[in-house]
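Notebook open, viewer loaded. Jotting down what I look up as I go.

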Number of protein chains: 2
Amino acid sequence: MQRELAGFGVAADGGVCREALTEIDLAARSWLCRLLPAASYEWMVDDAANLIVRRAGTVPGLAPVMTGSHMDTQPMGGWLDGAFGVIAGIEALMALDDAGIHTRRPIEVVAWTNEEGTRFKPGAMGSSAFAEPGRLAGFLQTRDSKGETFETACNAAIERILPSAKRSPLGHPVHAYIEAHIEQGPVLESGQCRLGVVTSIQGVRWYEVEVRGVSAHAGTTPMQLRHDAVLAAAELVVRINEAAAARDDGNLRLTVGRFDVPGSSINTIASHVGFSIDLRHPSDAFLADMEELIKRVIRKQTRCAAEIRTLMQRAPTQFDADVLSIVENAVAATGAPYCSLGSGAFHDAMYVAEVAPAAMLFVPSRNGISHNPMEDTDEADLVLGTRALAAALVTLANQ
Amino acid sequence: MQRELAGFGVAADGGVCREALTEIDLAARSWLCRLLPAASYEWMVDDAANLIVRRAGTVPGLAPVMTGSHMDTQPMGGWLDGAFGVIAGIEALMALDDAGIHTRRPIEVVAWTNEEGTRFKPGAMGSSAFAEPGRLAGFLQTRDSKGETFETACNAAIERILPSAKRSPLGHPVHAYIEAHIEQGPVLESGQCRLGVVTSIQGVRWYEVEVRGVSAHAGTTPMQLRHDAVLAAAELVVRINEAAAARDDGNLRLTVGRFDVPGSSINTIASHVGFSIDLRHPSDAFLADMEELIKRVIRKQTRCAAEIRTLMQRAPTQFDADVLSIVENAVAATGAPYCSLGSGAFHDAMYVAEVAPAAMLFVPSRNGISHNPMEDTDEADLVLGTRALAAALVTLANQ
């Protein structure tokens, strides 16, 4: 089933391109809705186009236990990032059906909208709006690179799914949330663990740095008279990395992912560069110190004008102790080697944790690779993760 | 007249957009043909759509003296780059008419096609094909960003001008060529010179550097396990600039104008960066040394795989000593302060120099600015340059 989903957007190199609410994402959602028997499941779509399927509980009126993840991918992404958590949830429900297990509470599987944040910014719009519906209004106005609004894309997605799902309000009480996901890093593999209990998500701050120089002719302008935005920005990238390396306690993650030179040409000194900084660490105080350090580096450069602004910041998330203990018991019961770890990536669980007790469960990523066509996990580990997820869901749904 | 030409393609910011063989360029060419009395001048258009006007000489059969430049501009260019040299030539002819001066040899003014190379690549197609007609076949197949071929655009231009000009073969013997141009750099202004005798055009080498790392998740991948293509490329840009600065004799020009991160995203470690290097110097041996130095810097970096390839290289052009001496005498005769200098930019004269004794004459660029709407020159200096050009043309045309 996991392989079937990967077929929606598969690329020649084995990677997957299924950006949020594109035609291929909508086709994958329609396919998803046909996986469970319509008679015993209720499919719902909310104002953020989150797609939720509910398996009824035996005691009326109890809040559901929820699991899931996202189905959208990076532009050149892999087959498991997000997709694993959705399919693991669906397979857990099927396993309960096969085993004839009924639970006191309903169990819901959700496919959150636009977690990656590459088509519409910021990421995790679906889970974020679910946790706080007031956030949706702002999201609806954002546009993709072709100028289409998130609102237009959402409405098209909702309309497309409506024959298979009923319209439901955004946000509802959740008894507990577990998200299964690939680790997207090397920790489990290097520790020879086949499952991971995810205790926290590190804090993250995103910045945009704008460097403004003076456009001039590459052939005529003496080196010492230049205000070269590419050179100034390259120096900043190097110095910021050097300054960060000197402070790194082993847990720092600093990445310049975007480096844009608008209207660039080979024989023109660039007047403008914009680059991004993605900064992460388990300690919010450490992040604040690093931010000051980065700002000092930027203030000290004199080649061009430069300024930094914060695009997003989010303090570290600590998952719920009770849900963690249930996840750990389910993981331990598989008999496979496991460990506890923090998450380097953020996930929809970060937002759901604002309104419900939550935790996560990881399976290893081969060579630690993700956001890449090479992303992969041993099938046996996918099965193991799905089994542990199902067990934890049943325990929580019988509370 | 210079201001009138700028009216063809003038933008709100005072800049000019008149890309090669666009409607506005064709309109400017038709306007140009009406500037001189049809009875005493012969207009010609060749297979590269170069537009040439000939003022007859008194001795039959002598090769003409030629002057001119280009009328096309950068997409966001100024009013004088190229245009000055064409209008200065036309005004010189008018001045000869007014003064009743006749010369032994014909004098021709040419508007070369597509010097800038922004609509069709490479630049200087018109003068390059004039010098070596065998080059035209390759140029004709190139396409602009809308898919139109240079051949289609050329044919339309030729047809449009045919009522005013007769079709002529591509290339013919030229006794001598002088091109008047704005400096596009700060040398004349900083030396308080009002005219410049251009002795040479510096050599240029263009390179593309490809840096290949490994795409990975920004939040999960420890710093020491990364192969970050943006960081590796930024380090190369900085180190190449540092190495170049240590060797710079004051005449080196090194520019990284493009820096592309395909498929970049804020939270993904980039797997691939391509950046350009534009390297110029008056000495070809110096360029060869610098190329070796750059290659050593690239070989020494270990963060990612990196390779460099040459996109284009052109040895320095040394202008003709006899023509230079005539230009210098004409410049000195104006009584204005002048100096000799090399050209940082390349020009149509670089190609004409392959087949005829050639030289150039510069007027200052205010603040050294060109390829920019702010491009400007004092009107008095434009007049001075035109006067010196006319005097030099007469001397050459009486040889």
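Started with what packs over helix α2 of chain A (residues 23-33). The cover on its buried residues includes α1 (2-6), β1 (41-45), β2 (51-55), α3 (83-99), β4 (107-112) and α6 (150-161) of chain A. Contact here is heavy atoms within 4.5 Å; helices (H or I, at least four residues) and strands (E, at least two) are DSSP runs, numbered from the N terminus. Eight of the eleven residues of α2(A) are buried, so I call the helix mostly covered, where buried means under 20% relative accessible area, exposed over 50%, and partly exposed in between (1.4 Å probe, protein chains only). The buried set is D25(A), L26(A), A28(A), R29(A), S30(A), W31(A), L32(A) and C33(A).

Ground rules, for my own sake. This is a predicted model, where local features need pLDDT of at least 70, side-chain atom pairs count only at pLDDT 80 or more, and totals for chains, interfaces and linings use all residues. Residues are numbered from 1 along each chain as its sequence is written, chains are lettered from A and ligands numbered from 1 in the order in which they are written, and side-chain values use heavy atoms, with hydrogens and water left out.

Next, the cysteines. I searched the whole structure for disulfides (cysteine sulfur atoms within 2.5 Å) and got zero over all chains. Why does C33(B) have no bond? The closest cysteine sulfur, in C154(B), is 15 Å from the sulfur of C33(B), which is too far. C33(B) is also buried, at 8% relative accessible area. I checked C304(A) too, and it is buried at 10%.

Then the interface. I find 57 residues of chain A in contact with 54 of chain B. The two chains bury about 4500 Å² between them, 61% of it on carbon and sulfur atoms; that is accessible area (1.4 Å probe) lost on putting the two parts together, summed over both. On the chain A side, β8 (203-212), α8 (229-247), β10 (253-255), β11 (259-260), β12 (268-269) and β13 (272-281) each supply at least two residues. The largest share, seven residues, comes from α8(A).

Last stop, G57(B). I find G57(B) in the loop between β2 (51-55) and β3 (65-70) of chain B, partly exposed at 28%. Leaving out residues up to four places away in sequence, G57(B) touches T103(B), R104(B), R105(B) and P106(B). I also took the C-alpha separation from G57(B) to I326(B), 269 residues apart along the chain, and got 19 Å.
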